[in-house]
Amino acid sequence: SFGAGGAGSVSITNSGSAPALNVQASIPAGSGITVSSTTCSAILAPSANCTITLTAPSAEGPTNIGFGGSNAPAATAQVTAVSYTHLRAHETPEHL
């Protein structure tokens with residue numbers, strides 16, 4: 001999970017013996033979650049890894065997002081964008 005308006009990253013490792021092609025995130029239609037950046041190139045070599053960074057403008061989830069390549073099965077992860085409430089402590093003067 002990550003904060004709404006912020007970003008969360010998913011690390012992907014090719015644990016197979018062949019290169020994974022076109023690794024990307026598959027986000028369901030209607031979701032506000034988007035890919036903001038990726039280090040995944042067209043070919044992900046065996047034992048190599050890359051990172052996909054996701055963002056969401058508002059709280060959402062959990063949303064099932066698939067991560068896979070055109071020649072590799074997708075792994076699904078539940079992603080949640082949460083809304084944080086900021087609390088502020090107030091100092092109260094003592095009365096004598």
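What percentage of the 96 residues of the protein count as buried? In this predicted model, the share is 27%. The legends below describe the overall fold and then several close-up views.

**Figure 1. Overall view of the predicted model, a protein of nine strands and zero helices.** Along the sequence the elements follow the pattern β-β-β-β-β-β-β-β-β. The accessible surface comes to about 6400 Å², and carbon and sulfur atoms account for 52% of it. Among contacts between residues at least 6 apart in sequence, 59% join residues that are at least 24 apart.

**Figure 2. Close-up of the open four-stranded sheet, with strand order S1-S9-S8-S4.** The pairing within this sheet is mixed. Strands S1 (2–3) and S4 stand at the edges with a single partner strand each, so one side of each is left without a neighbour in the sheet. At one edge, S1 runs parallel to S9 and is joined to it by two bridges; here Gly 3 stands opposite Val 82 of S9. At the other edge, S4 (residues 24–26) runs antiparallel to S8, and three bridges join the two strands. Ser 26 has Gly 66 of S8 as its bridge partner.

**Figure 3. Close-up of strand S8 and its hairpin with S9.** Strand S8 spans residues 60–69, and seven of its ten residues are buried, so the strand is largely enclosed by the rest of the structure. S8 pairs with S9 (residues 72–82) in the antiparallel sense over seven bridges. The hairpin between the two strands passes through two residues. Glu 60 has Ala 81 of S9 as its bridge partner.

**Figure 4. Close-up of the surroundings of Thr 63, a residue of strand S8.** Thr 63 has a relative accessible area of 10%; because buried means under 20%, the residue falls in the buried class. The side chain of Thr 63 makes a polar contact with the side chain of Glu 60, at 2.9 Å. With neighbours within four places in sequence left aside, Thr 63 is in contact with Pro 28, Ser 31 and Ile 33, and also with Ala 77, Gln 78 and Val 79.

**Figure 5. Close-up of the surroundings of Phe 67, also placed in strand S8.** Phe 67 is buried, with a relative accessible area of 8%. Apart from neighbours within four places in sequence, the residues in contact with Phe 67 are Val 10, Ile 12, Gln 24, Ala 25, Ile 52, Leu 54, Pro 73, Ala 74, Ala 75 and Ala 77. Phe 67 and Ile 27 lie 40 residues apart along the chain, and their C-alpha atoms are separated by 9.0 Å.

**Figure 6. Close-up of the largest nonpolar core, a set of 16 residues.** The residues with the most contacts inside this core are Ile 12, Val 23, Ile 52, Leu 54, Ile 65 and Phe 67. Strands S7, S8 and S9 each supply at least two residues of the core, and S7 gives the most, with three residues. For Ile 65, the contacts beyond four places in sequence include Ala 25, Ser 26, Ile 27, Pro 28 and Ile 33. Ile 65 is also in contact with Leu 54, Ala 75, Thr 76, Ala 77 and Val 79. Leu 54 and Ala 77 are likewise among the contacts of Phe 67.

**Figure 7. Close-up of the one disulfide, formed by Cys 40 and Cys 50.** The two sulfur atoms are 2.0 Å apart. The link is right-handed, with 75° about the S-S bond. The pair links distant parts of the chain, ten residues apart: Cys 40 lies in the loop between strand S5 (34–38) and strand S6 (43–44), whereas Cys 50 lies in strand S7 (residues 49–55). Both Cys 40 and Cys 50 are buried.

Note on methods:
Residues are numbered from 1 along each chain as its sequence is written. This is a predicted model: local features need pLDDT of at least 70, side-chain atom pairs count only at pLDDT 80 or more; totals for chains, interfaces and linings use all residues. Side-chain values use heavy atoms; hydrogens and water are left out. Buried means under 20% relative accessible area, exposed over 50%, partly exposed in between (1.4 Å probe, protein chains only). Two strands pair if DSSP finds at least two bridges between them. Contact means heavy atoms within 4.5 Å. Accessible areas come from the Shrake-Rupley method with a 1.4 Å probe; for residues, only the protein chains shown count as cover. A disulfide is a pair of cysteine sulfur atoms within 2.5 Å. A polar contact is a pair of N or O atoms within 3.5 Å; within protein, one must be able to donate a hydrogen and the other to accept it, and residues adjacent in sequence count only if both atoms are side-chain atoms. A nonpolar core is a set of buried Ala, Val, Leu, Ile, Met, Phe, Trp, Tyr and Cys residues joined through side-chain atoms within 4.5 Å.
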